[in-house]
Amino acid sequence: MPRGQIRKALSGFYYVYCEGETYQTRGRGNFRKRNLTPLVGDEVIFESGNQDEGILKELLPRKNELVRPTVANVDLGVIVMSAVEPNFSSNLLDRFLVTLESKKIKALIYLTKIDLLDQEQYQEMEQIKVAYEKIGYPVILPKREMDHEPIEELTPYFKEKITVFMGQSGAGKSTLLNQIAPDLALKTGVISNALGRGKHTTRHVELLPLYGGLVADTPGFSSIEFLEVEADELPELFPDFVEVQHECRFRGCKHREEPGCQVKKDVEEGTILASRYKHYLQFLEEVENRKPKYGKKN
């Protein structure tokens with residue numbers, strides 16, 4: 001039986017790409033009994049007499065999956081953050097970064113709405129770029145919004161990867177994808193002035209072949225709850241903490257009240273961003289106070 005990859009899921013059908021052809025398939029009846037849900041990005045074994053009537057027989061093991069958007073086997077997350085309208089949020093950025101770290105997905109930060117900044121605001125964005133690149137995250141800060149250079153800087157990252165766009169609602173993910181590939185003509189939303197956030201414009205998830213890889217256009221959302229991250233895991237999801245935590249006095253240091261904590265020392269000395277540490281403490285409290293969830297949903 002052939003092996004393929006789900007490139008689109010729509011109305012109960014899964015569109016499987018295999019050797020240059022796309023096959024419309026449905027899942028096996030026992031998937032539901034086994035609590036299995038096929039996702040875009042899944043590698044699958046399928047059976048098909050023709051291109052319109054295939055059956056998914058088996059889901060192959062995933063290396064990761066995202067819930068929002070529902071994509072499996074993601075390699076790269078492009079976090080699209082608006083500089084203004086909506087205002088830049090380092091808290092939300094760190095939430096996205098922690099989420100990607102927890103799934104072992106590489107992150108890239110792309111800043112938009114640059115044309116709306118004055119010189120002082122642009123310099124603040126430059127400082128953010130330097131700070132996050134020091135941690136190890138690539139940051140693309142366009143000089144002008146319609147400049148082609150940042151697009152040329154971004155697209156080589158797509159090669160041989162499944163890439164997902166995420167970020168603030170209204171930050172311009174679909175607009176950015178339209179700049180990358182104008183023939184896609186993806187719908188773009190309008191900022192709701194009353195709500196101060198964007199309207200969701202993307203109706204389903206689809207992997208689009210771009211620049212030697214596959215890119216998903218996905219709905220933006222303005223908040224993330226850490227439903228799967230555990231308190232003991234959280235310090236490992238801050239690479240800037242991981243780099244120095246071996247110098248903490250206690251192994252398994254939570255970087256909170258413990259004496260001899262190197263992370264706290266570096267925050268005081270300014271080598272770790274105070275905002276990152278503040279967000280870490282907030283996220284830790286959220287995780288520790290999270291209500292237990294009963295039952296597991298795939």
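Buried here means under 20% relative accessible area, exposed over 50%, and partly exposed in between, with a 1.4 Å probe and protein chains only. The structure is a predicted model, in which local features need pLDDT of at least 70 and side-chain atom pairs count only at pLDDT 80 or more, while totals for chains, interfaces and linings use all residues. Residues are numbered from 1 along each chain as its sequence is written, and side-chain values use heavy atoms, with hydrogens and water left out.

With these terms in hand, the overall picture comes first. Of the 298 residues of the protein, 49% count as buried. The secondary structure comes to eight helices and 15 strands, where helices (H or I, at least four residues) and strands (E, at least two) are DSSP runs numbered from the N terminus. Taking contact as heavy atoms within 4.5 Å, 66% of the contacts between residues at least 6 apart in sequence join residues at least 24 apart.

Helix H3 makes a good place to start a closer look. This helix spans residues 119-135, 17 residues in total, and reaches 25 Å from its first C-alpha to its last, close to the 24 Å expected at 1.5 Å a residue; the expected span is 1.5 Å times one less than the number of residues. Tyr 122, Met 125, Ile 128, Ala 131, Tyr 132 and Ile 135 are the buried residues of H3. Their cover includes helices H2 (90-102), H6 (239-242) and H8 (274-288), together with strands E9 (106-112) and E10 (139-140). At the N-terminal end of H3, Asp 118 acts as a cap, with a side-chain oxygen 3.2 Å from the backbone nitrogen of Glu 120. After the helix comes Gly 136, which has a positive phi near 125 degrees.

Tyr 132 of H3 also appears in the account of the nonpolar cores. Such a core is a set of buried Ala, Val, Leu, Ile, Met, Phe, Trp, Tyr and Cys residues joined through side-chain atoms within 4.5 Å. The largest one holds 66 residues, of which Ile 79, Leu 111, Tyr 132 and Leu 234 touch the most other members. Helix H2 gives the most to this core, with six residues. Beyond its neighbours within four places in sequence, Leu 234 is in contact with Val 98, Val 229, Tyr 280, Phe 283 and Leu 284. A second, separate core has 17 residues, including Val 80, Ile 151, Leu 154 and Leu 177.

Helix H2 is also home to Ser 102, which is partly exposed because its relative accessible area is 22%. Outside the four nearest places in sequence, Ser 102 is in contact with Val 229, Glu 233 and Leu 237. Leu 237 is 135 residues away from Ser 102 in sequence, yet the two are 6.3 Å apart in space, C-alpha to C-alpha. The side chain of Ser 102 reaches the backbone oxygen of Thr 99 at 2.6 Å. This is a polar contact, that is, a pair of N or O atoms within 3.5 Å; within protein, one must be able to donate a hydrogen and the other to accept it, and residues adjacent in sequence count only if both atoms are side-chain atoms.

Turning to the strands, two strands pair if DSSP finds at least two bridges between them. Five strands close into a barrel in the order E1-E2-E3-E5-E4, with mixed pairing. Within it, E1 (residues 3-10) and E2 (residues 13-18) pair in the antiparallel sense over five bridges, and Lys 8 stands opposite Tyr 15 in E2.

Strand E11 (residues 162-167) is largely enclosed by the rest of the structure, because six of its six residues are buried. In a regular strand the side chains alternate between the two faces of the sheet. Both faces of E11 are covered, with Ile 162, Val 164 and Met 166 buried on one side and Thr 163, Phe 165 and Gly 167 buried on the other. E11 pairs in the parallel sense with E8 (residues 76-82) over five bridges, where Leu 76 stands opposite Thr 163. E11 also pairs in the parallel sense with E15 (residues 213-216), over three bridges, and here Val 164 stands opposite Ala 216.

Some backbone details complete the description. Most residues other than glycine have a negative phi, and most peptide bonds are trans. The peptide bond from Glu 85 to Pro 86 is cis, with omega near 0 degrees, and Pro 86 sits in the loop between E8 and H2. Lys 104 has a positive phi near 55 degrees and lies in the loop between H2 and E9.
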